[in-house]
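Trainee: I should like to request a close look at one part of this model, namely its sheet and the elements that accompany it. Please treat the matter as one connected account.

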Amino acid sequence: MMTIDKTSKKIRKAKHSELDEIARIANKTFDSFYRSFLSDHNVNWYVNSGELKREIVKHANDLYILLADNIITGFVIYFKDFIHIMMIDTNAHRSGMGSYLLNAVEEELFKDHDHIKLQSFAGNDIATNFYLKNGWTKGQLNNAQSDVAMMYFEKSKNYSTTKSK
């Protein structure tokens, strides 16, 4: 786990020149944490096929990075009322970076929406517990028969404001 100076965190729109580093973080996270619920075959395909990078490039206009000590530590893709992808570098897990990024995105989305959503792989227990701990509730399960089932989570502005009181 990396040590972060709490005053050195910053979230900003990603630059085109940073897409390779963002894809590296995504591939590393997938490779390190997703094998237990997606299988080696699926993880190898995602990482080696370039699919993760294509998804990042496809949504580059909605891509924001988390910098800690001027190092890209995580990223998020969000649009409308929906968090599409959020990942934190494996070296920064359990350092508060994920909660910091999630809270900042929630605050931004709640400016225009009363209800927001996100998606995660259904078998990703680490992410599920993280989202539940941060006040999200489980929503719809898609592709439940598939080995890549997606769980949707929801959060309302009311929860966010009552939580902070």
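In particular, which residue in β7 is the bridge partner of K138?

Mentor: The model is a predicted one, and the residue in question is F153, the bridge partner of K138 in β7. That pair belongs to the contact between β6 and strand β7 (residues 150-156), which run antiparallel and are joined by four bridges. In general, the strands of a sheet pair through backbone hydrogen bonds, in either a parallel or an antiparallel manner.

The wider setting is an open sheet of seven strands with mixed pairing, in the order β1-β2-β3-β4-β5-β7-β6. Its edge strands are β1 (9-13) and β6 (137-142), each of which pairs on one side only. From one strand to the next, the twist averages 30°.

At the β1 edge, five bridges join β1 to β2 in an antiparallel arrangement, and I11 has L66 of β2 as its bridge partner. On its other side, β2 pairs with β3, again in the antiparallel sense, over six bridges; here L67 is partnered by I72 in β3. The hairpin formed by β2 and β3 has two residues between the strands, and D69 takes a positive phi near 55° there. Five of the six residues of β2 are buried, so this strand is largely enclosed by the rest of the structure.

Helix α3 lies across β2 (63-68), β3 (71-79) and β4 (82-88), and runs at about 65° to β3. This helix (residues 51-58) also meets helix α1 (residues 19-33): their axes come within 9 Å and cross at roughly 135°. That angle makes α1 oblique to α3. The crossing in which α1 passes α3 is right-handed. From α1, the contact draws on L19, D20, I22, A23, A26, N27 and F30, which meet L52, K53, I56 and V57 in α3. By class, the residues of this contact comprise eight nonpolar, one polar and two charged.

F30 leads back to the sheet, since it is also among the residues touched by F121, a member of strand β5 (residues 115-121). F121 is buried, with a relative accessible area of 11%, which is under the 20% cut-off. Beyond its neighbours up to four places away in sequence, F121 touches Y34, F37, L38, Y46, V148, A149, M150 and M151 as well as F30. Of these contacts, F37 is 84 residues from F121 in sequence, yet the two C-alpha atoms are 8.3 Å apart in space. M150 and M151, also touched by F121, lie within β7 (residues 150-156), the strand that supplies F153 as the partner of K138.

Conventions. Residues are numbered from 1 along each chain as its sequence is written. This is a predicted model: local features need pLDDT of at least 70, side-chain atom pairs count only at pLDDT 80 or more; totals for chains, interfaces and linings use all residues. Side-chain values use heavy atoms; hydrogens and water are left out. Axes are lines fitted to C-alpha atoms, for helices over the stretch in contact, and angles run from 0 to 180 degrees between N-to-C directions. Angles under 35 degrees count as roughly parallel, over 145 as roughly antiparallel, 65 to 115 as roughly perpendicular and the rest as oblique. A crossing is left-handed if the near helix is turned anticlockwise from the far one by less than a right angle, and right-handed if clockwise. Contact means heavy atoms within 4.5 Å. Ala, Val, Leu, Ile, Met, Phe, Trp, Tyr, Cys and Pro count as nonpolar, Asp, Glu, Lys and Arg as charged, and the others, Gly among them, as polar. Two strands pair if DSSP finds at least two bridges between them. Buried means under 20% relative accessible area, exposed over 50%, partly exposed in between (1.4 Å probe, protein chains only).
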